[in-house]
Amino acid sequence: EEKKSLNFIEAAIEADLAAGKNGGRLNTRFPPEPNGYLHIGHAKAICMDFGVAEKFGGTCNLRFDDTNPVKEDVEYVDSIKEDIHWLGFDWGDRLYYASDYFPKLWDLALRLIKEGKAYVDEQSAEEIAKQKGTPTQPGTPSPYRNRPIEENIDLFERMNRGEFEEGAMVLRAKIDMASPNMHMRDPIMYRIIKHPHHRTGNTWNAYPMYDFAHGQSDYFEGVTHSICTLEFEVHRPLYDWFVDQLADETYRPRQMEFNRLNLTYTVMSKRKLLQLVQEKLVSGWDDPRMPTICGLRRRGYTPRSIRNFIDRIGYTKYDGLISVSLLEHSIREDLNKTANRVSAVLNPVKLIITNYPENQVEYMKAENNPEDESAGFHEIPFTRELYIERDDFMENPPKKFFRMTPGQEVRLKSAYIVKCTGCKKGENGEIEEIYCEYDPLTKSGMPESGRKVKGTLHWVSVEYSKSAEIRLYDRLFCVENPSEEKEKDFRELLNPESLKILNNCRIEPYLFENAKPGDRFQFQRTGYFCVDKDSKPDKLVFNRTVSLKDSWEK
Ligand code: ATP
Ligand code: MG
Ligand code: MG
């Protein structure tokens, strides 16, 4: 392991700890809103929040930021927990919900009203927005800004009792309508939502806004470093203002920001991902084309490959777009070391070895993983009739075609050298069978086994192979940055070729006898594949995780 220098967040945390801030304590949190499944962008935040706590001997809370009942659900809570664990992190007994703080937040809001720092505004959202002004022009104070305290208390309580319709009024902090920071211009603290909450039911009708809830939740939990993405940088003065209402000199949480992860050829907004799921443009949150953690898992990604990827891209203060090729590189690198090599013929054509005995079977020794001696060997049955890839044969090839063609020798992987003698074609010219002769002296351990031939092909036995379904995936979108397209809705930019299903692939016995859903393999010469949960005992289904080489790189 190369020793990496600290990133800027780690360096700042190290300095805070060295200075003895907050009693030398480190406590981070990962705060997902349970309104969707986690995606690879969240993995970047998880690796930071949990990773930095591990690195400096601190703790990390898992806090569900469940302050908007309309979009939230326990289905999401459960999936988020599963995905964090799968990535290899654990919150132990530090599981929290922002909704648990509703009573405390309420009390604080009441206190701010009583201190003249908050008021109920009966204007519509449009009116409030209009009065906000512009960054260079001060805003206009609401006509309700100086409402008497008793009236504010009364209205706030009635807001929560359900006496008013949604949108009828909001609670705003009274800060500064002329602040150069727009977020400080009397931000909204509470709005009315008449929708049951997945944990608190119908107890509340007034719900806190993110800015009010987040820093206070950090404070209530003893969080010392509240790490989030760059778009919250402009919220930081407001975060601090709210924290000031609670904190003293012995402890205060600090917000820090890093660049979010954006990946090419995909979208990373939960709203858009939800749309893809709801409109059935993908098969579900775990569709192997999705950038979700469960999608990547089903696709065959390992936790290690995702963590290595995140480690490589690092944390900075600049937003950018990361090439998905980098993510694919990480999984290739991992599976190259760990995945057993097997034979699967994706697009089969029959090869008949005319000089090989009819009923003979030889069990050839196939090395499981040349990168890992301890992986051992398995046996693959060799018979007179085999399947090879249709693409591996050409009757009239161009120069430098080192695969199967009449008159040329090739090696059949782990078996013999064969020489092609011809083929049989159907009426439409399609190749139906290919013929060859083998040289018995070229098997491994025999005198001619070292003979030089340029091509090596993979194969399976006709009799001893089984049919399998193989799903080939490509990028979900046709354009590098679908979120940036102005002219078209992102759904019009989906890649129509992102899924191809091959129904009659042939796989060797080692695969169909052993492979369980989730298992990962390298199919010789074609790519890395994993067994899908849709598999049946008599017909396995494989997802292509990634091809062996990057076909998009020129
Ligand atoms: P989305 O924008 O997709 O709805 P979100 O930010 O609303 O995501 P949250 O559940 O609030 O989703 O996110 C939890 C944490 O993950 C936050 O700290 C957020 O900053 C971080 N996060 C979300 N998306 C990314 C990303 N693309 N890269 C890095 N961190 C992210
Ligand atoms: Mg959020
Ligand atoms: Mg968001």
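The following exercises, each with a worked solution, concern the predicted model shown above.

Residues are numbered from 1 along each chain as its sequence is written, and chains are lettered from A and ligands numbered from 1 in the order in which they are written. Local features need pLDDT of at least 70 and side-chain atom pairs count only at pLDDT 80 or more, whereas totals for chains, interfaces and linings use all residues; side-chain values use heavy atoms, with hydrogens and water left out.

**Exercise 1. Helix α12**

Determine whether the span of helix α12 agrees with its number of residues, and state which of its residues are buried.

*Solution.*
- Step 1. Helices (H or I, at least four residues) and strands (E, at least two) are DSSP runs, numbered from the N terminus. Helix α12 covers residues 324-338, a run of 15 residues.
- Step 2. The expected span of a helix is 1.5 Å times one less than its number of residues. For α12 this gives 21 Å.
- Step 3. The end C-alpha atoms of α12 are 22 Å apart, which agrees with the expected value.
- Step 4. A residue is buried under 20% relative accessible area, exposed over 50%, and partly exposed in between (1.4 Å probe, protein chains only). In α12 the buried residues are Val324, Ser325, Leu327, Glu328, Ser330, Ile331, Arg332, Asp334 and Leu335.

**Exercise 2. The largest nonpolar core**

Identify the elements that build the largest nonpolar core, and explain where the core lies with respect to the domains.

*Solution.*
- Step 1. A nonpolar core is a set of buried Ala, Val, Leu, Ile, Met, Phe, Trp, Tyr and Cys residues joined through side-chain atoms within 4.5 Å. The largest one has 48 residues, and Ile40, Ile84 and Ile306 have the most contacts inside it.
- Step 2. At least two residues of this core come from each of α1 (8-18), α2 (40-55), β2 (59-64), α3 (74-87), β9 (254-258), α10 (293-299), α11 (303-313) and α12.
- Step 3. Helix α2 supplies the largest share, nine residues.
- Step 4. Domain bounds come from an automatic or database domain assignment. Because domain 1 (8-258) and domain 2 (262-342 + 467-554) both give residues to this core, it lies between them.

**Exercise 3. Internal cavities**

Describe the cavities of 30 Å³ or more and the residues that line them.

*Solution.*
- Step 1. Rolling a probe the size of a water molecule over the atoms shows where empty space is left. On a 1 Å grid over the protein atoms alone, a cavity is a set of points where a 1.4 Å probe fits but cannot get out, and lining residues have an atom within 4 Å of a point. Grid points are joined across faces, edges and corners, and a volume is the space filled by probe spheres set on the points.
- Step 2. The structure holds two cavities of 30 Å³ or more, and the largest contains about 60 Å³ of space.
- Step 3. The largest cavity is lined by 13 residues, of which Ser343, Ala366, Lys413, Ser414 and Gln524 are the closest to its centre. Strands β10 (340-342), β13 (362-367) and β14 (377-382) are the elements that give two or more residues to this lining.
- Step 4. Domain 2 (262-342 + 467-554) and domain 3 (344-458) each contribute at least three residues to the lining of the largest cavity.
- Step 5. Ala, Val, Leu, Ile, Met, Phe, Trp, Tyr, Cys and Pro count as nonpolar, Asp, Glu, Lys and Arg as charged, and the others, Gly among them, as polar. On this basis the lining of the largest cavity has four nonpolar, five polar and four charged residues.
- Step 6. The second largest cavity, with a volume of about 30 Å³, is lined by Tyr210, Asp211, His214, Gly215, His235, Tyr239 and Gln255. Helix α7 (residues 210-221) gives the largest share of this lining, four residues. By class, the lining of the second largest cavity has two nonpolar, four polar and one charged.

**Exercise 4. Positive phi outside glycine**

Compare the settings of Asn22 and Lys400.

*Solution.*
- Step 1. Neither residue is a glycine, yet Asn22 has a positive phi of about 50° and Lys400 one of about 65°.
- Step 2. Asn22 lies in the loop between α1 and β1 (27-30), while Lys400 lies in the loop between β15 (385-389) and β16 (409-412).
- Step 3. Asn22 is buried, at 15% relative accessible area, whereas Lys400 is exposed, at 72%.

**Exercise 5. Sequence and spatial separation**

Set the separation along the chain beside the C-alpha distance for Gly88 and Arg307, and for Glu14 and Thr383.

*Solution.*
- Step 1. Gly88, in the loop between α3 and β3 (95-97), is partly exposed at 45% relative accessibility. Gly88 and Arg307 are 219 residues apart in sequence and 9.4 Å apart in space.
- Step 2. Glu14, in helix α1, is partly exposed at 40%. Glu14 and Thr383 are 369 residues apart in sequence and 64 Å apart in space.

Notes:
1 Å grid on protein atoms, 1.4 Å probe; cavity = no way out; pocket = protein on both sides within 12 Å on 5 of 7 lines; lining within 4 Å.
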